[in-house]
Number of protein chains: 4
Amino acid sequence: MIIVMKPNYTPQQLEGVISSVKAHGLTPHITYGVETAIIAAVGEFHVTSLDPFEVLEGVESVKRISQPFKLGSRQAHPENSIFPIDGFTIGGNDIAIIAGPCSVESRSQILETAHAVREAGANALRGGVFKPRTSPYSFQGLGEEGLEYLAEAREQTGMPIVVEIMSQTQLDVMLKYVDVFQVGARNMQNFNLLRALGETRKTILLKRGLSATIEELLMSAEYLLAGGNKQVVLCERGIRTFETTTRNTTDINAIPVLKKLTHLPVILDPSHSTGHADYVAAIARAAIAAGADGLIVEVHPEPSKAVSDGKQSLKPEAFAEMVKQIKAIAKIMDRRVAPIKKPVTAGW
Amino acid sequence: MIIVMKPNYTPQQLEGVISSVKAHGLTPHITYGVETAIIAAVGEFHVTSLDPFEVLEGVESVKRISQPFKLGSRQAHPENSIFPIDGFTIGGNDIAIIAGPCSVESRSQILETAHAVREAGANALRGGVFKPRTSPYSFQGLGEEGLEYLAEAREQTGMPIVVEIMSQTQLDVMLKYVDVFQVGARNMQNFNLLRALGETRKTILLKRGLSATIEELLMSAEYLLAGGNKQVVLCERGIRTFETTTRNTTDINAIPVLKKLTHLPVILDPSHSTGHADYVAAIARAAIAAGADGLIVEVHPEPSKAVSDGKQSLKPEAFAEMVKQIKAIAKIMDRRVAPIKKPVTAGW
Amino acid sequence: MIIVMKPNYTPQQLEGVISSVKAHGLTPHITYGVETAIIAAVGEFHVTSLDPFEVLEGVESVKRISQPFKLGSRQAHPENSIFPIDGFTIGGNDIAIIAGPCSVESRSQILETAHAVREAGANALRGGVFKPRTSPYSFQGLGEEGLEYLAEAREQTGMPIVVEIMSQTQLDVMLKYVDVFQVGARNMQNFNLLRALGETRKTILLKRGLSATIEELLMSAEYLLAGGNKQVVLCERGIRTFETTTRNTTDINAIPVLKKLTHLPVILDPSHSTGHADYVAAIARAAIAAGADGLIVEVHPEPSKAVSDGKQSLKPEAFAEMVKQIKAIAKIMDRRVAPIKKPVTAGW
Amino acid sequence: MIIVMKPNYTPQQLEGVISSVKAHGLTPHITYGVETAIIAAVGEFHVTSLDPFEVLEGVESVKRISQPFKLGSRQAHPENSIFPIDGFTIGGNDIAIIAGPCSVESRSQILETAHAVREAGANALRGGVFKPRTSPYSFQGLGEEGLEYLAEAREQTGMPIVVEIMSQTQLDVMLKYVDVFQVGARNMQNFNLLRALGETRKTILLKRGLSATIEELLMSAEYLLAGGNKQVVLCERGIRTFETTTRNTTDINAIPVLKKLTHLPVILDPSHSTGHADYVAAIARAAIAAGADGLIVEVHPEPSKAVSDGKQSLKPEAFAEMVKQIKAIAKIMDRRVAPIKKPVTAGW
């Protein structure tokens, strides 16, 4: 941490800063400049907040030297985190493709989609049962009934299921069913929810908030990791900018940046990051070419009848074509789309 | 709602759109253009989502004509909503000034602050007891102990208390203490929480999300209003932009825009919207000059010792000076800072 | 300047950084931390770019301590810059109100507007004659003919004229007519143009770019000041964000921030920063309440017939009402709207 | 164009709108809704601005149906525009790779770089001679001397040269040397410059502005195309957002969006869009995987000695490795990196 004094600081103010640095168990090193002085605070320093120093009298600014996140940092853990998700692994050489509808709408819809995406090469199934909708007048999801249909789809296809949790109150019922908890963009800083999930031992798919920085995403992951849950997957899903031809702006830079900063697996959601089915395959290819460890894609058997997100959902045929392209890109990256170990145990 | 067909649409596709419009109980009016056709859908139409129409074959785009929010709209309710908050009213001629520390840190800190802001002219007291912190390694708040101290401060000063709720699980304990529930920026789209609060009959102070549009803020208010709770106050608190000299960018435009679109009271939080004590008074004056119905301001007896947000907290003297300026601006706007009816019942 | 080494830096790399610091005439002070080392470079250091240090082997990051702008900085020049604009002064106690149409459309239009805004209390006249239009199919301005009409308006009303320059090629013809050169948002970083204007001795009204930071605005002012032109007025005119209910987002924070960082006068353009006549007066009041030194406002005798920006132009009556409110706010700020010294020399 | 009336519009206001529509040579079709009326204006309508209708009395909003750009639109010209750049073609099956230093610094630097990038597989050479620098105290380029060195590099390597033009005043001297004029991000809306370039018959590489929408980029291209210059290449180079770990945010979505909206070739600049050499190859691969027609990349023989942009410049070896990866991705996309026809005519 570097503390920069104001040009007209007084000796008393400098003394105050030095005391405060020492009081935090750090060693101050002072450099006198032409107009100002700077204090470098050295030590085992992992206080995240710079607040206590910024407000001291005579201080102009405080600059962080070390990263505010620890457990997720690649500095502390240079090797990739690799962990299994019921039948395949994520974070290593294998590419994960999670696919399925925005919402579970009916038993037949989710089973049909599950078989279609499995056949096309997906290795996990997504589907929402509690839907965060901007309008109170919209469809809000099937709830536990939806979880039962997803479990049936898992049994038939062998694919683990990925479901969004919106509130701590849903934790108990979801624990009985889901393999991977998805934390949506709007909940990335719902710290109570993150704490609760950090205490489970299920894989967490943590989506980046609409206006969250990469550093904030890593700080939210820290909540999960600090609870002892090491199975955290990060997901870029587009950020909000001034551009309006797409629903969001895919921050493709986030892929190589995150791969450099953290050992956690990083995937991309081209459905939300573009908001338009026409652009999903192009951005999915880009993600894998940029080094992503996987994709989460919305697929619906009949997008024009979807109760939500139909505009950005791929038909199963388009998804199958996308997977073919992803397999080719993966090969160039010396990787492969993870095969599913488990057999399809039931037709439909 | 206007549906625009693609330039090369087929008669069958147009037929499909017409059927879908009718199936939603609306009357289609078709206009044939040079390259395209447009269908105006007329009726008592308050479906928020355009999704079902955007995904139809042959459709280029769908444009909304009417606003997606109803209960909060000034069209439906031209008069200002005015309601009492324990001793004064908000939304009418009176300006509300809510002040207090970011976090309740101790009994003495909150009591001292309460008396100081009351004396300076504040009419409500704020203080956080459950703190949403970006780092799991930071102070997380005093919990119910903090609520007790706030209640004591209310008793002594006569000011109602405004406290942030972060999760539904805190609702029961908070109901026993608080006068106004604050929903923080990060929870603006925590729809489960909004539903729960919509069923209470306490005033809700709903803060705009960091990257939420004004329309999205109004849609979140709709969740509260739809539950029957009519006491909703909207709060602009800065949005995230590329500018970094301030913590956020105060969207001062939001004040006249919201006053035009909705009948709900609108206040501004200059502490979070600037992130720096030096700028708070200037932005507070600007807010009232722009037509805001009130302010919520962070005040701390000793900002350099605050456990959070010290950098943006005013000292009591600076706050008192700010209130003087606000009173002068209010007068020009033909308004006044609301007096507190209740006496100070205890010294400290 | 602080240079932070990578955690695994080598002694040779540190040596290289030290040599480079010395080669730039600076004195290095080294602090060895737990994981890294930092080098504080001390000296008369006004190199703007950190590039030469960022690219050295073993360097993690470089942080600036001193501001990159010099001539415009309040550190170097604590008193406000105050200078005359033909009949009144700007930057001191007086508030400047510049008003007029987006484009000069005809002799009668500009004369009518000039008399109307003068009568309402404006002290300078604006009007565009070379128009930057996003479409090549739109009206592009009257050119020198427009300048002649503006000069006639000046003669009749006594108000100096403010005109946008779009290109160096327009400089010679404009020098014969204009009192204040306006540099538009799109040209804020047209450095060739800035250099050319820095060599004139006319007042320059420099508008902030649509996505320019406050620091970048001050760096552009530096181009003008470095040429010896000390009469520079800065203008906040809204930035581009994700919000779409207004044309731009007024960065009201920029007013107190700029007043703190620089001694140059700072004004606000509520017409462009909102894009909607309904919001202009509210934001104009907010600007003066926040400490702005003036306003530049679009006024048109018949907005529904304006060739450009009609939507955001005030009618003369609405402008007159706005000036009344501004006068009241100015009084509270212990300021006044600057009177015009010169008489109206011709009726119309 | 759709004109929506305010809920309380009067018959006279509706009549006024209808007259105005007719006065513009369009046919109005009126639909009466529950609360409002809408007027669809049908005809050969290519007025870009909606202004004249937005300001009519009683009008709530005006919505565009057809695109505001014509000549660049894929609707009007469904086939890709393909054109030669001295030795290879762009816009068709071949991928263009333009490489070179940010600034031409010396004869030896540019010749060394030219041979290195040619050997690695580049097919055009970039280099700046007039530099737009945010600070007046920074290196501003070699001017015509730099153009001579670039011409020599072209002669030796057979590669056409791409150089940024900053001002109309540079046009004459540059015309003698350059093959492709680059219009930088800051000049994307320098309409005078665009007009001048539209009258040349040189290829123009038009970079997207830092905060320009995709539609605005296409409107700027319209200025070039309207002048009769059909050789326009569009370049995504990152937009400004709140994220700060990278210099800009690469809008990778812009690649498929632009390929859908326009017939013009689209390339990406991963050096500026990331600002960091570590991320350039990943984003270059992503661009080609997303469908880009080429890349423009900064390469410097010794980045740590570059006078500008060293941080984001690749060393020749890293560039050669990147080209290998791009060739592999191109193959999957059924494309190839364009070979250079001309021989290397001089060693160095």
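**View 1. The buried residues of helix α10(B), in a predicted model.** Here are the ones that count as buried: B:A277, B:Y279, B:V280, B:A281, B:A282, B:I283, B:A284, B:R285, B:A286, B:A287, B:I288 and B:A289. That makes 12 of the 13 residues of the helix, which spans residues 277-289 of chain B, so α10(B) is largely enclosed by the rest of the structure. Look just past the helix for B:G291, which follows α10(B) and has a positive phi, near 110°.

**View 2. Helices α3(B) and α4(B) crossing.** A packed pair of helices is described by the angle between the axes and the distance between them. For α3 (residues 107-120) and α4 (residues 144-157) of chain B, the axes come within 9 Å and cross at roughly 30°. The crossing of this pair, α3(B) and α4(B), is right-handed.

**View 3. Who meets whom between α3(B) and α4(B).** From α3(B) come B:R107, B:I110, B:L111, B:A114, B:H115 and B:R118, and they meet B:Y149, B:L150, B:E152, B:A153, B:Q156 and B:T157 in α4(B). Sort the residues of this contact by character and you get six nonpolar, three polar and three charged.

**View 4. Chains B and D around their rotation axis.** Turn chain B by 180°, with 0.0 Å of shift along the axis, and it superposes on chain D with an RMSD of 0.0 Å. That is how a two-fold axis relates two copies. To find the axis from chain B, head for B:F242: of that chain's residues it comes closest, with its C-alpha at 2.2 Å. As for the interface, 100% of the interface residues of chain B are interface residues in chain D too, so the copies meet through the same surface.

Note on methods. Residues numbered from 1 in each chain as written. Chains lettered and ligands numbered in written order. Predicted model: local features only at pLDDT ≥ 70, side-chain atom pairs only at ≥ 80, totals over all residues. Least-squares fit on C-alpha atoms with pLDDT ≥ 70 in both. Contact = placed C-beta atoms within 7 Å. Buried ≥ 20, exposed ≤ 12 C-beta atoms within 10 Å, placed from the backbone. Helix = DSSP H or I, 4+ residues; strand = E, 2+ residues; numbered from the N terminus. Axes fitted to C-alpha atoms, helices over the stretch in contact; angles between N-to-C directions. Left-handed = near helix turned anticlockwise from the far one by under 90°. Nonpolar A, V, L, I, M, F, W, Y, C, P; charged D, E, K, R; others polar.
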